[in-house]
Amino acid sequence: QLQRSDDGRTWTPSPEPAIGASITALSANIGTVVWAVGRAGVVLRTADGTEWSRVRFPEPADLVGVQASDGSTAIVRAADGRAWSTSDGGATWASVR
């Protein structure tokens, strides 16, 4: 179950995004945006820990890692070792070599 905290001392359940796929990794930056990835090319973002939005991803790869540096920039990794990056909140993705 996902949980959120405002200061690290108290935690409350966060509504799970209704996506029909397992979340495999999360990344939070210094700000408030959290990125999540999962099976079948699922990429999600939230700015408040409650409302999740799905980010368009170019293929149905099983994603197992995400590293976000801010609300617009992230690198996601697939189970097969491939990786993609975005710097515009997921509007476009580029293969990382």
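Four strands form an open sheet in this predicted model. Their order across the sheet is 7-8-9-10. The pairing is antiparallel. Strands of a sheet pair through backbone hydrogen bonds, and they do so in either a parallel or an antiparallel way.

Start at the margins of the sheet. Strand 7 covers residues 63–68, and strand 10 covers residues 94–96. These are the edge strands, and each of them pairs on one side only. The sheet also twists: from one strand to the next, the average is 30°.

Now look at one pairing within the sheet. Strand 7 lies beside strand 8, which spans residues 74–78. The two run antiparallel, and 5 bridges join them. One residue pair makes a good place to look. V66 has its bridge partner in strand 8, and that partner is V76.

Next, step back to the whole protein. How many helices and strands does the protein have? There are 0 helices and 10 strands. Read along the sequence, the pattern is therefore easy to follow by DSSP runs: β-β-β-β-β-β-β-β-β-β.

Turn to burial and surface. The protein has 97 residues, and 36% of them count as buried. For this count, buried means under 20% relative accessible area. The accessible surface comes to about 5,700 Å². Carbon and sulfur atoms hold 49% of that surface.

Last come the contacts along the chain. Consider the contacts with a separation of 6 or more. Residues 24 or more positions apart account for 31% of these contacts.

Note on methods. Residues are numbered from 1 along each chain as its sequence is written. This is a predicted model: local features need pLDDT of at least 70, side-chain atom pairs count only at pLDDT 80 or more; totals for chains, interfaces and linings use all residues. Side-chain values use heavy atoms; hydrogens and water are left out. Buried means under 20% relative accessible area, exposed over 50%, partly exposed in between (1.4 Å probe, protein chains only). Contact means heavy atoms within 4.5 Å. Accessible areas come from the Shrake-Rupley method with a 1.4 Å probe; for residues, only the protein chains shown count as cover. Two strands pair if DSSP finds at least two bridges between them. Axes are lines fitted to C-alpha atoms, for helices over the stretch in contact, and angles run from 0 to 180 degrees between N-to-C directions.
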